[in-house]
Amino acid sequence: MFDVRVQLGSIVRIDASERVRPTDGPVSLWVTGVRLVANRPESNEWVWLEGVKILHDGQSGDHAQILVRASLLSADGLGR
């Protein structure tokens, strides 16, 4: 099952390959919420991250909800 390790308030960098519909390339997100997607097979685990995009100059951008692979937020995947 899920072993997700992310703290609210942390900034997570999400590569395009780690999310669904990567239309704008990699994203840095200041995390304000996490929701598990439990209706997926165990080999295909996804998590909704909610938060504020951090722009290249460090300023706050738009609010976003991004569906990412759970492995990005696992003990092994965090900090890639």
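**Close-up 1. Ser-60 sits in strand E4.** This is a predicted model, and here we look at Ser-60 in strand E4, which covers residues 60-69. Is Ser-60 buried or exposed? Ser-60 counts as exposed because its relative accessible area is 56%, and the cut-off for that label is over 50%. Setting aside residues within four places in sequence, Ser-60 is in contact with Val-52, Lys-53 and Leu-55. Now find Leu-29: it is 31 residues away from Ser-60 along the chain, and the C-alpha atoms of the two are 9.3 Å apart.

**Close-up 2. Glu-50 is a buried residue in strand E3.** Strand E3 runs through residues 46-54, with Glu-50 among them. Glu-50 has 18% relative accessibility, so it counts as buried; the label needs a value under 20%. Who does Glu-50 touch, once neighbours within four places in sequence are left out? There's a run of contacts with Leu-29, Trp-30, Val-31, Thr-32 and Gly-33, and then Arg-35, Ala-64 and Gln-65 join the list.

**Close-up 3. Arg-19 is tucked into a loop and buried.** The loop in question links strand E1 (11-14) and strand E2 (27-37). Arg-19 has a relative accessible area of 8%, which means it is buried. Look for Gly-25 here: its backbone oxygen lies 2.3 Å from a polar atom of the Arg-19 side chain. Gly-25 also turns up among the residues Arg-19 touches, along with Ile-14, Asp-24, Val-27, Trp-46, Ile-66, Leu-67 and Val-68 (residues up to four places away in sequence aren't counted).

**Close-up 4. Leu-8 belongs to a nonpolar patch on the surface.** Leu-8 comes in the segment before E1. With 60% relative accessibility, Leu-8 is classed as exposed because that is over the 50% cut-off. Which residues make up the patch with Leu-8? They are Val-34 and Leu-36, and the three together have about 280 Å² of accessible area.

**Close-up 5. Thirteen is the number to remember for the largest nonpolar core, which has 13 residues.** Which of them have the most contacts inside the core? Those are Ile-14, Leu-49, Ile-66, Val-68 and Leu-73. Strands E1, E2, E3 and E4 each bring at least two residues to this core. In soluble globular proteins, nonpolar side chains tend to be buried together. Two of these core names may ring a bell from Close-up 3: Ile-66 and Val-68 are also among the residues that Arg-19 touches.

Technical notes: Residues are numbered from 1 along each chain as its sequence is written. This is a predicted model: local features need pLDDT of at least 70, side-chain atom pairs count only at pLDDT 80 or more; totals for chains, interfaces and linings use all residues. Side-chain values use heavy atoms; hydrogens and water are left out. Helices (H or I, at least four residues) and strands (E, at least two) are DSSP runs, numbered from the N terminus. Buried means under 20% relative accessible area, exposed over 50%, partly exposed in between (1.4 Å probe, protein chains only). Contact means heavy atoms within 4.5 Å. A polar contact is a pair of N or O atoms within 3.5 Å; within protein, one must be able to donate a hydrogen and the other to accept it, and residues adjacent in sequence count only if both atoms are side-chain atoms. Patches are made of residues with over 30% relative accessible area and no salt bridge: like charges are joined within 9 Å, nonpolar side chains (Val, Leu, Ile, Met, Phe, Trp, Tyr) within 5 Å. Accessible areas come from the Shrake-Rupley method with a 1.4 Å probe; for residues, only the protein chains shown count as cover. A salt bridge is a side-chain nitrogen of Lys or Arg within 4 Å of a carboxyl oxygen of Asp or Glu. A nonpolar core is a set of buried Ala, Val, Leu, Ile, Met, Phe, Trp, Tyr and Cys residues joined through side-chain atoms within 4.5 Å.
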